[in-house]
Amino acid sequence: MTKTEILRLCQEDNVKFIRLQFTDILGVMKSISITDDQLDKALDGELMFDGSSIEGFVRIEESDMYLKPDLNTFLILPWDNPNSFNKTARLICDIYDSKGNPFLGSPRYALKRILQEAENMGYSMFVGPEPEFFMFLLDSKGQPTLETNDKASYFDLPPVDKGEVARLDMVETLQSIGFEIEASHHEVAPGQHEIDFKYNKALPTADNIVTFRIIVRTVAQKHGLHATFMPKPIYGIAGSGMHIHISLFKDGKNVFYDDSKEDGLSDICRYFVAGIMKHTKAITAITNPTVNSYKRLVTGYEAPVYIAWSYRNRSPLIRIPARRGIGTRIELRSPDPTCNPYLGLAVILKAGLDGINNKLKPPDTIEQNIYEMDLAIRQAMGIDSLPASLYEAVQELSQDTIIQEALGEHIYSRFVLAKMKEWETYTTRVYDWEINEYLEKF
């Protein structure tokens with residue numbers, strides 16, 4: 001897209017308002033709305049905003065920042081009437097400081113920096129996400145409940161899957177703005193759904209993930225439902241993950257594939273896997289960034305708990321799907337959809353590049369069901385576990401300089417500060433479970 005094309009489209013399609021979007025460090029989408037008469041100025045990157053009000057950005061005395069739109073992210077939001085004269089468009093922005101330098105606290109810039117590091121080595125990263133989410137009914141006041149609108153399970157059809165109408169509306173809406181949807185279906189838990197879209201380069205995929213979350217929640221509202229990407233909203237049923245399929249390309253070829261190897265996996269692929277496994281405890285703080293994330297990472301609900309890899313087994317952290325050739329890839333199963341996709345992909349790529357640079361070798365694959373192994377067997381096989389809490393994950397992050405480098409000092413320090421505050425708030429609260437367990441007993 002060019003500036004001229006965007007101005008022409010806005011005029012032809014009656015666009016009156018434009019949202020300039022970006023995420024804070026925690027991955028929450030933020031937006032500044034402007035009218036069409038300010039668009040020319042915005043496209044030139046001349047609009048400023050107060051960065052001191054955004055989570056993890058800057059102090060009050062250094063608050064002036066510029067929004068510079070990525071023109072390729074322009075789209076007209078799909079829920080306006082086609083004949084409306086007050087349509088709304090959006091642009092995802094990069095953030096610059098008052099001196100015109102890329103802002104080091106911008107998650108999108110952090111990803112672009114690591115992608116440049118990979119590009120200097122000749123690699124492009126492609127990513128295909130599988131985001132899951134729940135849909136809940138609203139109460140009489142329009143507030144979300146924990147009551148699902150169906151009792152369906154994996155791959156069920158209507159009338160059991162009562163969420164299909166809303167889910168198909170989401171698919172059509174996503175397709176209308178350029179998403180190539182590969183699959184959509186009901187997931188394991190009641191009220192749980194998954195929509196998968198085609199892999200792409202890492203930066204547009206991260207942009208698509210934040211756009212996807214907005215589309216899903218907005219369309220759910222139209223159907224009188226609340227969509228949430230919270231990993232584990234209900235005890236005793238499966239939680240929502242966001243498995244990430246990853247491949248590296250060089251000169252148009254998938255470098256994870258090597259037809260001379262018995263399993264079709266190249267040394268580069270193995271090094272990449274080893275890098276992720278080496279740094280995965282610190283990565284988990286970023287890819288599973290909430291207290292609730294660790295309620296999902298428990299045995300019995302298909303979420304990974306153990307640091308291992310496999311060709312077929314779905315209990316380890318990393319699975320190698322069967323397809324070879326251009327489709328050769330790894331599937332990282334631990335991330336959940338609350339993660340900031342820019343930071344998540346940045347730390348995953350940085351870990352993989354560390355594996356390549358140091359030619360790290362992964363352990364043997366584990367083809368048995370790890371959930372059925374006892375502790376002694378796991379220890380004998382050298383199978384370690386992911387962090388069991390947000391606190392443990394942040395402690396691991398504080399000891400991993402490679403992952404800290406991927407984030408940069410600004411993001412790292414503010415992310416840790418925010419997460420420790422979240423952990424302290426959580427641990428000092430008194431919850432219903434404690435009241436039910438102890439109030440009468442003692």
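**Exercise 1. In which strand is Leu-225 found?** Place this residue, then compare the helix that precedes it with its expected span.

Solution. The model used in these exercises is predicted.

Step 1. Leu-225 is found in strand β12, which covers residues 225-228.

Step 2. Its relative accessible area is 6%, and the cut-off for buried is under 20%, so Leu-225 is buried.

Step 3. Take Ala-206 as a second point: Leu-225 and Ala-206 are 19 residues apart along the chain, and their C-alpha atoms are separated by 25 Å.

Step 4. Turn to helix α5, residues 202-222. With 21 residues at 1.5 Å a residue, α5 should span 30 Å. The end C-alpha atoms of α5 are 30 Å apart, which agrees with that value.

Step 5. Just after α5 comes Gly-224, with a positive phi of about 70°.

**Exercise 2. Apply the span test to helix α6, and describe how α6 departs from a straight helix.**

Solution.

Step 1. Helix α6 runs over residues 267-287 and has 21 residues. A straight helix would reach 30 Å at 1.5 Å a residue.

Step 2. The end C-alpha atoms of α6 are only 26 Å apart, so α6 falls short of the straight-helix value.

Step 3. Look for a bend along the axis. At Thr-280, α6 bends by about 75°.

Step 4. Check the N-terminal end. Ser-266 caps α6 there, with a side-chain oxygen 3.4 Å from the backbone nitrogen of Ile-268.

Step 5. Count the covered residues. Of the 21 residues in α6, 17 are buried, and the helix is mostly covered.

**Exercise 3. Work through three salt bridges: for each, give the N to O distance, the location of both partners and their burial.**

Solution. The whole structure holds 20 salt bridges. Three of them are taken in turn.

Step 1. Lys-3 and Asp-44 form a salt bridge in which the closest N and O atoms are 3.0 Å apart. Lys-3 is in helix α1 (residues 3-12), and Asp-44 is in the loop between α2 (39-43) and β3 (47-50). The two are 41 residues apart, and the pair links distant parts of the chain. Lys-3 has a relative accessible area of 26% and is partly exposed. Asp-44 is also partly exposed, at 39%.

Step 2. Lys-198 and Glu-180 meet through their side chains at 3.9 Å, N to O. Lys-198 lies in the loop between β10 (192-197) and β11 (200-201), while Glu-180 lies in the loop between α4 (164-176) and β9 (181-186), so the salt bridge ties together parts that are 18 residues apart in sequence. Lys-198 is partly exposed at 33% relative accessible area, and Glu-180 is partly exposed at 48%.

Step 3. Lys-350 and Glu-405 make a salt bridge at 3.7 Å, N to O. This pair links helix α8 (residues 341-357), which holds Lys-350, to helix α11 (residues 401-407), which holds Glu-405, across 55 residues. Lys-350 is buried, with a relative accessible area of 9%, whereas Glu-405 counts as partly exposed at 44%.

Step 4. Salt bridges can also share partners. Asp-70, Asp-94, Arg-108, Lys-112 and Asp-207 are joined in this way into one network.

**Exercise 4. Are Arg-167 and His-186 buried or exposed, and which polar contacts do their side chains make?**

Solution.

Step 1. Arg-167 lies in helix α4. With a relative accessible area of 3%, Arg-167 is buried.

Step 2. The side chain of Arg-167 makes a polar contact with the side chain of His-193, at 2.8 Å.

Step 3. His-186 is found in strand β9 and is buried, with a relative accessible area of 0%.

Step 4. The partner here is a backbone atom: the side chain of His-186 reaches the backbone oxygen of Gln-192 at 3.3 Å.

**Exercise 5. Which residues make the nonpolar surface patch of about 300 Å², and why does Val-430 count as exposed?**

Solution.

Step 1. The patch is made by Val-430, Ile-435 and Leu-439.

Step 2. Val-430 sits in the loop between α12 (409-428) and α13 (432-438).

Step 3. The relative accessibility of Val-430 is 60%, and the cut-off for exposed is over 50%; therefore Val-430 counts as exposed.

Definitions and conventions:
Residues numbered from 1 in each chain as written. Predicted model: local features only at pLDDT ≥ 70, side-chain atom pairs only at ≥ 80, totals over all residues. Heavy atoms only, no water. Helix = DSSP H or I, 4+ residues; strand = E, 2+ residues; numbered from the N terminus. Bend = angle between axes of the 7 residues up to and from the residue. Buried < 20%, exposed > 50% of the residue type's maximum accessible area, 1.4 Å probe, protein only. Polar contact = N/O pair within 3.5 Å; in protein donor to acceptor, adjacent residues only side chain to side chain. Patch = residues over 30% accessible without salt bridge, like charges linked within 9 Å, V, L, I, M, F, W, Y side chains within 5 Å. Areas by Shrake-Rupley, 256 points an atom, 1.4 Å probe, with all protein chains shown as cover. Salt bridge = Lys/Arg side-chain N within 4 Å of Asp/Glu carboxyl O.
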